[in-house]
Amino acid sequence: MNLRRLIPFFDDSVSTWALEARLLRWLTLMWLFVGLIMLFSASYPVAESSYGDGLYYIKRQLVWVFVALIGFNIIVNLPLRKILGNTHWFIAVCLLLIFGTLIPGLGKEALGAARWIAVGTITLQPSELIKPFLVLQSARLFGQWERLNWSVRLTWLGIFGLVLLGILAQPNLSTAALCGMTIWLIALAAGLPYKYLGGTAFGGVMLALMSISLKEYQRRRVMSFLDPWADPRGDGYQLVQSLLAVGSGQTWGAGFGLSQQKLFYLPIQDTDFIFSIFAEEFGFVGSIVLLILLAIFATLGLIVALKAKNLVNRLVAIGITTVIIGQSLLHIAVATGALPTTGLPLPMFSYGGNSMLSSLASMALLIRVARESSEAEVVPLRKPQSEKLRQRRILQKK
């Protein structure tokens with residue numbers, strides 16, 4: 001393997017890529033750069049207060065970015081069939097880790113949820129890491145649905161169900177809902193019968209309602225979403241402060257680094273509510289530019305899916321686009337009060353190594369599909385042995 005392809009920004013094969021792949025790569029790098037700049041601004045006050053170093057979070061994030069970009073470059077240069085052939089192993093490991101978070105003493109709890117496992121100095125969040133592999137395995141299953149027997153189908157549907165139940169038990173309703181909707185949309189795009197899709201959708205909605213009815217904090221979040229001003233210092237505090245941040249941005253924003261809500265008014269401003277700080281500093285215009293960037297990415301993802309040479313590749317493109325754009329829109333909807341408060345990070349903006357690894361791996365998979373959809377391997381035709389002998393005799397006569 002060419003070692004230059006492992007070093008971020010030094011992949012000399014980019015010039016030979018298809019147009020969609022190159023556009024997606026530059027869009028990804030631009031998205032990443034803007035996200036790092038925004039994280040620096042949003043995290044500086046809390047890092048200075050907590051650790052005496054305003055650069056604490058951004059320095060740690062840069063380490064994860066470097067590691068994630070190496071993985072990114074490996075994926076974009078690796079045939080998709082090889083990745084798909086090993087996806088089930090990653091699903092199995094992540095599933096074990098998800099249920100490991102539920103074991104007292106092994107799972108690391110924060111903010112009332114056990115979603116992490118500490119491995120030395122590294123904290124893993126398996127519900128984030130499993131997202132790209134869920135897309136790959138779903139595409140592989142539903143793309144070959146007609147050729148598989150029912151035992152294989154039911155086995156993988158059962159594994160998907162265990163993944164969603166494990167995430168839901170952490171509890172992490174938003175991530176479970178995002179993963180469930182992604183799997184469902186991939187199945188829809190694969191052309192599965194509506195009777196299966198309708199029954200699954202109904203079961204998913206009932207499961208979500210059951211979770212909300214059993215978890216008191218989820219019920220309080222829904223009530224505070226309906227009327228955050230009823231308890232602005234209690235359950236509605238986070239949403240009220242987020243709305244104040246978004247509204248304070250007005251048309252052009254307060255300016256980079258000049259957010260007031262990040263000065264210990266808005267909690268978790270460097271992860272779950274980083275868009276609120278972005279909207280305050282860059283205003284309505286900056287927010288529209290970000291939405292346009294998401295729209296361009298979604299359009300490119302759709303073009304890649306339409307150009308895919310086989311159904312599995314097409315479903316991978318659809319699934320990755322759904323995860324990245326869906327998670328981004330859900331994050332923005334929460335920050336603006338359009339949905340109840342959840343813990344979904346904004347891809348490549350929010351602080352966290354697991355989210356960065358998952359996001360860049362997903363971007364790389366979409367780029368890989370774009371490359372395979374528009375590039376063909378040219379194989380030189382070998383001349384028959386008799387033709388070679390004839391040409392040799394002609395040259396000897398000359």
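Student: In this predicted model, is Ser-358 buried or exposed?

Tutor: Ser-358 has a relative accessible area of 5%. The cut-off for a buried residue is under 20%. Because 5% falls within that limit, Ser-358 is classed as buried.

Student: Which helix holds Ser-358, and which residues does Ser-358 touch beyond those up to four places away in sequence?

Tutor: The helix in question spans residues 353–374 and is H14. With residues up to four places away in sequence set aside, the contacts of Ser-358 are Glu-128, Lys-131 and Pro-132.

Student: Lys-131 also appears in the lining of the largest cavity. How much space lies in the largest cavity, and how many cavities of 30 Å³ or more are there?

Tutor: The space in the largest cavity is about 50 Å³. Counting cavities of 30 Å³ or more gives a total of 3.

Student: Which helix gives the most to the lining of the largest cavity?

Tutor: The lining consists of Lys-131, Leu-134, Val-135, Leu-178, Cys-179, Thr-182, Ile-183 and Val-323. Helix H6 (131–143) and H8 each supply at least two of these residues. The greatest contribution, 4 residues, comes from H8.

Student: How does the lining of the largest cavity divide by class?

Tutor: Lys-131 and Thr-182 both belong to this lining. Lys counts as charged and Thr as polar, whereas residues such as Leu, Val, Ile and Cys count as nonpolar. The division is therefore 6 nonpolar, 1 polar and 1 charged.

Student: Turning to open spaces, what is the volume of the second largest pocket, and which residues lie nearest its centre?

Tutor: The second largest pocket holds about 1300 Å³ of space. Its lining comprises 45 residues. Those nearest the centre are Ala-176, Ala-177, Gly-180, Met-181 and Gly-204.

Student: Which helix gives the most to the lining of the second largest pocket?

Tutor: At least two lining residues come from each of helix H7 (150–168), helix H8 (173–190), helix H9 (194–214), helix H10 (216–226) and helix H13 (311–335). The top contributor, with 11 residues, is H9.

Student: How many residues of the lining of the second largest pocket are charged?

Tutor: The nonpolar class accounts for 32 residues of this lining. A further 11 are polar. The number of charged residues is 2.

Student: Helix H13 also contains Leu-311. Why does Leu-311 count as partly exposed?

Tutor: Buried requires under 20% relative accessible area and exposed requires over 50%, with partly exposed in between. Leu-311 is therefore partly exposed, as its relative accessibility is 30%.

Student: How far is the C-alpha atom of Leu-311 from that of Arg-140, and which residues are in contact with Leu-311 outside its neighbours within four places in sequence?

Tutor: Leu-311 and Arg-140 stand 171 residues apart along the chain, yet their C-alpha atoms are separated by 9.0 Å. Once neighbours within four places in sequence are left aside, the contacts of Leu-311 are Phe-142 and Gly-143.

Student: For the protein chain as a whole, what share of the contacts with a separation of 6 or more comes from residues 24 or more positions apart?

Tutor: The protein chain has 15 helices and 3 strands. Of its 398 residues, 46% count as buried. Among contacts with a separation of 6 or more, the share from residues 24 or more positions apart is 72%.

Student: What is the radius of gyration of the protein chain?

Tutor: For 398 residues, a compact globule would have a radius of gyration near 21 Å. The value for the protein chain agrees with this expectation and is 24 Å.

Note on methods:
Residues are numbered from 1 along each chain as its sequence is written. This is a predicted model: local features need pLDDT of at least 70, side-chain atom pairs count only at pLDDT 80 or more; totals for chains, interfaces and linings use all residues. Side-chain values use heavy atoms; hydrogens and water are left out. On a 1 Å grid over the protein atoms alone, a cavity is a set of points where a 1.4 Å probe fits but cannot get out, and a pocket is an open set with protein on both sides within 12 Å along at least five of seven lines; lining residues have an atom within 4 Å of a point. Grid points are joined across faces, edges and corners, and a volume is the space filled by probe spheres set on the points. The radius of gyration is taken over C-alpha atoms; the globule rule is 2.2 Å times the number of residues to the power 0.38. Buried means under 20% relative accessible area, exposed over 50%, partly exposed in between (1.4 Å probe, protein chains only). Contact means heavy atoms within 4.5 Å.
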